[in-house]
Amino acid sequence: MDFSWNDRQQAAYDRMLTGSRALDATGSLPLRDHWRACADLGLTGLSLPEELGGQGYDALTAARAVEAAGRGCPDMGLLFSVLAHLFATAMPIAEHGDDRLRKELVPLLATGEAIGANGITEEEAGSDVTALRTTAERRGDQYILNGTKSFVSNAPVADLLLVYAVTDPAFGFLGVTCFAVDRDTPGVTIGAPFVKPALTTCPAATVTFTDAVVPAARVVGRPGQGAAIFQSSMRWERSCLFAAYLGQMDHLIDESVQHATGRRQFGQPLADRQAVSHRIAEMKLRLETARLLLYRACWLLDRGEHTPLDIALTKLHTAESAIQTALDAAQLFAGSAYSNRTDIARALTDALPARTFSGTSDIQRELIAKGLGL
Ligand SMILES: Cc1cc2nc3c(=O)[nH]c(=O)nc-3n(C[C@H](O)[C@H](O)[C@H](O)COP(=O)(O)OP(=O)(O)OC[C@H]3O[C@@H](n4cnc5c(N)ncnc54)[C@H](O)[C@@H]3O)c2cc1C
């Protein structure tokens with residue numbers, strides 16, 4: 001077993017750490033400017049094939065670069081926005097689209113020239129993605145889409161929507177099809193952006209289809225492969241996207257060590273109190289265990305040897321660790337966590353939805369139990 005990084009992986013990490021520290025994390029620029037800066041760093045195309053404009057990184061190298069971005073850039077909303085675009089919109093097209101679709105769409109997504117969004121969740125189909133009600137009816141060489149996606153990150157700014165719809169209700173899992181839909185397709189309505197308390201710099205909205213006509217050439221993969229394509233996109237999100245939270249934890253631990261050694265109370269540095277130093281020790285333990293699970297999941301993904309159990313273990317542990325680590329940092333920084341002198345409260349707020357998106361923590365526990373034969 002080799003735990004060292006090769007030169008390419010180390011260079012990807014170093015470059016991304018330096019570059020992401022220079023990103024504007026205030027969210028105050030026009031969104032396209034933030035995206036352009038991320039694209040210049042290569043974030044929009046990390047795992048996309050080089051011949052289609054991406055960096056051609058395998059999952060492990062991509063995850064390591066994402067980790068660096070999460071460590072360097074405190075704007076988790078921006079990172080989530082860009083990485084959901086990469087792993088849940090661009091990757092499914094790159095991996096499952098036919099040659100024509102890949103050549104038409106992936107280069108635009110890889111460079112961030114086009115922004116992608118993905119929509120599966122519906123009002124009545126959250127964790128239960130088998131309950132989709134959005135339909136796509138075939139008429140000649142077109143499909144007619146009807147239904148509403150209730151939570152689509154990036155929708156307010158997206159150029160391309162990856163949409164999952166039922167094409168054959170009788171076939172259940174095999175009756176769902178994935179479509180790449182242009183934003184300006186007649187019959188597509190993007191709702192007003194949600195007012196969100198977390199990941200605020202990633203806009204989100206509902207997307208409604210009313211007799212929206214989508215060419216059959218925009219089917220990603222084959223009809224009926226939608227559920228499998230969605231699951232493959234979740235493998236990327238649950239491993240590589242969550243590496244951003246490893247970086248965030250690393251950053252919070254650095255900050256916590258600095259604060260605990262620098263701030264004095266009762267005539268001593270905070271770090272002299274075991275209650276404080278042991279809390280930071282637990283933060284470090286959580287980060288390192290999450291790292292090992294996540295790197296291993298990516299390594300298995302690259303070898304094609306992953307199981308739902310491996311991916312669920314890393315998603316669950318990374319999400320829960322990110323939340324607990326941010327809570328611990330907030331405890332340590334106390335009053336200053338809630339001032340604009342630190343980014344601790346923002347990190348905590350942005351860690352909370354990690355428990356929900358890409359499949360909730362409860363659903364990951366279900367997958368782990370199932371993987372154990374329970
Ligand atoms: C920040 C953010 C970004 C998102 N972006 C997108 C996006 O871009 N595209 C998209 O399609 N969706 C997106 N979502 C939606 C997300 O995928 C859903 O919120 C998630 O799948 C859970 O669905 P739900 O909210 O309907 O909760 P529900 O499914 O109603 O779950 C409610 C509670 O019940 C629990 N529960 C449900 N079923 C079970 C079960 N079988 N066993 C145990 N517990 C269970 C859940 O764990 C949860 O605690 C996003 C969500 C968030 C928070």
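Begin by selecting Gly140, which has a positive phi near 65° in the hairpin of strands S2 and S3. This is a predicted model. The hairpin leaves 2 residues between its strands. Now extend the selection to S2 (residues 135-139) and S3 (residues 142-153): the two strands run antiparallel and are joined by 5 bridges. One pair to display is Arg138 with Tyr143, its bridge partner in S3.

**The domains**

Next, colour the chain by its three parts: domain 1 (7-110), domain 2 (116-223) and domain 3 (242-371). Keep domain 1 and domain 3 in view; their C-alpha centres lie 22 Å apart. The contact between them draws 15 residues from domain 1 and 18 residues from domain 3.

Which elements give two or more residues to the side of domain 1 that touches domain 3? They are H3 and helix H4 (76-96). The largest share of that side comes from H3, with 9 residues. Coloured by class, the side of domain 1 that touches domain 3 shows 10 nonpolar, 2 polar and 3 charged residues.

**Helix H3 against helix H7**

Select H3 (residues 59-72) together with helix H7 (residues 243-262). Their axes come within 6 Å and cross at roughly 40°. At that angle H3 is oblique to H7, and the crossing is right-handed.

To see the contact itself, show Ala63, Val66, Glu67, Ala68, Ala69, Gly70 and Arg71 on H3. On H7, the partners to show are Ala243, Ala244, Tyr245, Leu246, Gly247, Gln248, Asp250 and His251. The residues of this contact of H3 with H7 comprise 8 nonpolar, 4 polar and 3 charged.

**Helix H4 against helix H6**

Move to H4, and add helix H6 (residues 226-241) to the selection. The axes of H4 and H6 are 9 Å apart, and the helices pack at an angle of about 140°. How are H4 and H6 oriented to each other? They are oblique. H4 passes H6 in a right-handed crossing.

Display the side chains of Leu83, Ala84, Phe87, Ala88, Met91, Pro92, Glu95 and His96 in H4. These residues meet Ile229, Ser232, Ser233, Trp236, Glu237, Cys240 and Leu241 in H6. In this contact of H4 with H6 there are 10 nonpolar, 3 polar and 2 charged residues.

**Helix H6 against helix H8**

Keep H6 selected and add helix H8 (residues 274-303). The axes of H6 and H8 come within 9 Å and cross at roughly 140°. This crossing makes H6 oblique to H8. Left-handed or right-handed: how does H6 pass H8? The crossing is left-handed.

Finish by showing Arg235, Ser239 and Cys240 of H6 with Leu294, Ala297, Cys298 and Leu301 of H8, the residues that make the contact. By class, the contact of H6 with H8 divides into 5 nonpolar, 1 polar and 1 charged. Leave Cys240 highlighted at the end: this residue of H6 takes part in the contact with H4 and in the contact with H8.

Definitions and conventions
Residues numbered from 1 in each chain as written. Predicted model: local features only at pLDDT ≥ 70, side-chain atom pairs only at ≥ 80, totals over all residues. Axes fitted to C-alpha atoms, helices over the stretch in contact; angles between N-to-C directions. Helix = DSSP H or I, 4+ residues; strand = E, 2+ residues; numbered from the N terminus. Parallel < 35°, antiparallel > 145°, perpendicular 65-115°, else oblique. Left-handed = near helix turned anticlockwise from the far one by under 90°. Contact = placed C-beta atoms within 7 Å. Nonpolar A, V, L, I, M, F, W, Y, C, P; charged D, E, K, R; others polar. Pairing = 2+ DSSP bridges. Domains from an automatic or database assignment.
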